Amino acid sequence: MFTHSRCQLCVTAKEALEVVRQRVPFEMKEVDIRQPGNEKWFEEYKFDVPVIHANDEFLLWHRVNIDDTVAKLQEILKNAATSEPSNSSDS
């Protein structure tokens, strides 16, 4: 989640994402766009936090609708599983 320390919407989004996480387990990493080294993200999202990415792709911004987010995450996980190379052999 792209965030910064004065983002009230981010607090609400984190709470909603905890509910989502109970339905679709995932790891969440927070990126403070105001910290040194995050200038790219600051320029991109300075007016839009919170912004959520899943598997390095944009998922949502501003407000988290729990049911919609669950559905989107399930679809992303399904697509990721079908695009991974198979470990089975033909022998």
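L73 is buried, its relative accessible area being 10%, and L73 belongs to helix 3. The model in which this residue is described is a predicted one. The protein contains three helices and four strands, and one disulfide is counted in it. The points below begin with the overall form and then turn to helix 3, helix 1 and the disulfide.

**Overall form**

- Read along the sequence, the secondary structure elements follow the pattern β-α-β-α-β-β-α.
- The protein is more spread out than a compact globule, because its radius of gyration is 16 Å, well over the 12 Å that the globule rule gives for 91 residues.
- The C-alpha trace spans about 55 × 30 × 15 Å along its principal axes.
- Of the 91 residues in the protein, 30% are buried.
- The protein exposes about 6700 Å², and carbon and sulfur atoms supply 48% of that area.
- Among the contacts with a separation of 6 or more, 54% are between residues 24 or more positions apart.

**Helix 3 and its buried side**

- Helix 3 has 18 residues, which at 1.5 Å a residue should span 26 Å; the C-alpha atoms at its ends are 26 Å apart, in agreement with that expectation.
- The buried residues in helix 3 are T69, V70 and L73.
- These residues cover an arc of only 100 degrees around the axis, which puts them on the same side of helix 3.
- The face of helix 3 turned away from this buried side carries D67, K78, T82 and S83, which are exposed.
- The cover over the buried residues of helix 3 includes helix 1, strand 3 and strand 4 (57–61).

**Two buried residues of helix 3**

- T69 is found in helix 3 and is buried, with a relative accessible area of 2%, a value that lies under the 20% limit for a buried residue.
- Leaving aside residues up to four places away in sequence, T69 touches L17, V20, L59, L60 and V64. L17 and V20 are among the buried residues of helix 1.
- With the same sequence neighbours left out, L73 touches V20, V24, F26, A54 and L59.
- V20 and L59 thus appear in the contacts of T69 and also in those of L73.
- L73 and E15 are 58 residues apart in sequence, and their C-alpha atoms are 17 Å apart in space. E15 is exposed, on the side of helix 1 away from the buried residues.

**Helix 1 and its buried side**

- Helix 1 (residues 8–23) has 16 residues and should span 22 Å at 1.5 Å a residue; its end C-alpha atoms are 24 Å apart, which agrees.
- C10, A13, A16, L17 and V20 are the buried residues of helix 1.
- They lie on the same side of helix 1, because they cover an arc of only 125 degrees around the axis.
- Q8, E15 and Q22 are exposed on the other side of helix 1.
- Strand 1 (2–3), strand 3 (51–54) and helix 3 (66–83) are the elements against which the buried residues of helix 1 pack.

**R21, a partly exposed residue of helix 1**

- R21 lies in helix 1 and is partly exposed, with a relative accessible area of 28%, which falls between the 20% limit for buried and the 50% limit for exposed.
- R21 touches F26 and M28, not counting residues up to four places away in sequence. F26 is also one of the residues that L73 touches.
- R21 and P36 are 15 residues apart in sequence, and 29 Å separates their C-alpha atoms in space.

**The disulfide**

- C7 and C10 form a disulfide, with their sulfur atoms 2.1 Å apart; this lies within the 2.5 Å limit for such a pair.
- The torsion about the S-S bond of C7 and C10 is about 80 degrees, so the disulfide is right-handed.
- C7 and C10 are both buried, and C10 is one of the buried residues of helix 1.

Notes. Residues are numbered from 1 along each chain as its sequence is written. This is a predicted model: local features need pLDDT of at least 70, side-chain atom pairs count only at pLDDT 80 or more; totals for chains, interfaces and linings use all residues. Side-chain values use heavy atoms; hydrogens and water are left out. Helices (H or I, at least four residues) and strands (E, at least two) are DSSP runs, numbered from the N terminus. The expected span of a helix is 1.5 Å times one less than its number of residues. Buried means under 20% relative accessible area, exposed over 50%, partly exposed in between (1.4 Å probe, protein chains only). The arc is that of the directions from the helix axis to the C-beta atoms. Contact means heavy atoms within 4.5 Å. The radius of gyration is taken over C-alpha atoms; the globule rule is 2.2 Å times the number of residues to the power 0.38. Accessible areas come from the Shrake-Rupley method with a 1.4 Å probe; for residues, only the protein chains shown count as cover.
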